[in-house]
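Here are my notes for you to read alongside the model. Keep the 3D view open and click through the points as you go.

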Amino acid sequence: MAQLTPVASFRALHHGRTPGDPLILPGPWDAGSARVFEEAGFEALATPSAGVAASLGYADGETPGDEMFAAVARIVRAVSVPVSADIEGGYGLAPKELVARLLDTGAVGCNLEDSADGALKDPARHADWLAEVRAEAGARLFINARVDTYIEGVTDLDETIARARAYVAAGADCVYPYGAPADHLPKIAAAVPAPVNQVALADGPTPRRLGELGAARITFGPGLQRRAMKAVREVAEQLRAG
C-alpha cells in the first residue's frame, strides 16, 4: 500500500473525528517550541502568526512576509510532523507566488484570513481569490479559511455561515470562524460541509468541549506563546529579586 504524502496525512487527520476528540494542533512560534510539541506526541502543528510575530519582535500583523516564511521554514525543518502555517492575508502575493513560497517552506497547509486593516473583505471576491490559490496548489496544500466576522464585530450567524460555505465551495478544506460563541458553533458545524477549526482560549471552553460542540480541529492562536513568555517573565522577576 502506498504511503500517504504529508499533506494527505494531515488532511486525513481532520476527518472521522468523534465528538469530544478534535484534532489538537499546538502553535509553535519557533523551532525550539515546535520540537517540544512534537516530543510531547502531537501528530501535527499549526503556527500562529501573532506568536511568530512576537518571537521575531513584531506586533501582530506587522511581520514582513519574507520573515514569516523564513520562520515557518525553520519550524518545519525542526520537526518530522506536518506543519500548517498561519500566513495572515497572504502578504499581497499573487496566488501563484503565494503557493510557491509556502511549498518552499515545507508547510503542508495554511490559514488565510478574510479581513484586512480591521475590516472584512468582500466575501465573493475573497472566495474567488481562494479558488485561485486552490487552483495553483491543487492537492499540495491544506487550506484553512479563517472567517473573521466575530473578530470584526459582526455577530450575525447567517453571515458567518454564508462566508464559510462560499469558501468551502471555492476549495477550502476547513473553515475557521475565530471566536464563534459556543451556541453558534454547533449550527456552523451543521451548516458547513467541511471541518470547522476553533480557537481554545484560556477563559473559554476546553478543547474537548469545543469538539463536543462541533469543532473538528483546535488551535490556540498566540495563547501558548504568551503563556511561555509569562513563565519567562516570572523567571526574570525572580532573578531580579536575587
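1. Let's start with the sheet, keeping in mind that this is a predicted model. Five strands make up an open sheet, in the order E2-E3-E4-E7-E8, and their pairing is parallel. At the edges sit strand E2 (45-46) and strand E8 (174-177), each of which pairs on one side only. As background, strands of a sheet pair through backbone hydrogen bonds, either parallel or antiparallel.

2. Now zoom in on one pair. Strand E4 (residues 109-112) and strand E7 (residues 142-147) run parallel and are joined by four bridges. If you want one bridge to find on screen, try glycine 109 in E4, whose partner in E7 is phenylalanine 142.

3. Just past that pair, have a look at aspartate 148, which is found in the loop between E7 and helix H7 (157-169). Is aspartate 148 buried or exposed? Its relative accessibility is 0%, so aspartate 148 counts as buried; the cut-off for that word is under 20%. Leaving aside residues up to four places away in sequence, aspartate 148 touches Glu113, Asp114, Ser115 and Leu120.

4. Next, the nonpolar core. The largest one has 52 residues, and those touching the most other members are Ile87, Leu98, Leu102, Leu112, Leu130 and Ile188. Take isoleucine 87 as a case: setting aside residues up to four places away in sequence, it touches Phe69, Leu98, Leu102, Cys110, Asn111 and Leu112. Another core, of ten residues, lies apart from the largest one, and Val7, Phe10, Ala46 and Phe142 are among its members.

5. On to the empty spaces. Rolling a probe the size of a water molecule over the atoms shows where empty space is left. The largest pocket holds about 630 Å³ of space. Which residues lie nearest its centre? They are Ser49, Asp60, Glu88, Glu113 and Arg146, out of 33 that line the pocket. Helix H3 (49-56) and strand E5 (115-116) each give at least two residues to that lining. By class, the lining of the largest pocket splits into twelve nonpolar, eleven polar and ten charged residues.

6. Finally, the second largest pocket, with about 300 Å³ of space. Of its 14 lining residues, Ala200, Leu201, Ala202, Gly223 and Arg227 are the closest to the centre. Which helix gives the most to this lining? That is helix H10 (residues 223-241), with four residues. Sorted by class, the lining of the second largest pocket has nine nonpolar, three polar and two charged residues.

Methods
Residues are numbered from 1 along each chain as its sequence is written. This is a predicted model: local features need pLDDT of at least 70, side-chain atom pairs count only at pLDDT 80 or more; totals for chains, interfaces and linings use all residues. Side-chain values use heavy atoms; hydrogens and water are left out. A nonpolar core is a set of buried Ala, Val, Leu, Ile, Met, Phe, Trp, Tyr and Cys residues joined through side-chain atoms within 4.5 Å. Buried means under 20% relative accessible area, exposed over 50%, partly exposed in between (1.4 Å probe, protein chains only). Contact means heavy atoms within 4.5 Å. Two strands pair if DSSP finds at least two bridges between them. On a 1 Å grid over the protein atoms alone, a cavity is a set of points where a 1.4 Å probe fits but cannot get out, and a pocket is an open set with protein on both sides within 12 Å along at least five of seven lines; lining residues have an atom within 4 Å of a point. Grid points are joined across faces, edges and corners, and a volume is the space filled by probe spheres set on the points. Ala, Val, Leu, Ile, Met, Phe, Trp, Tyr, Cys and Pro count as nonpolar, Asp, Glu, Lys and Arg as charged, and the others, Gly among them, as polar.
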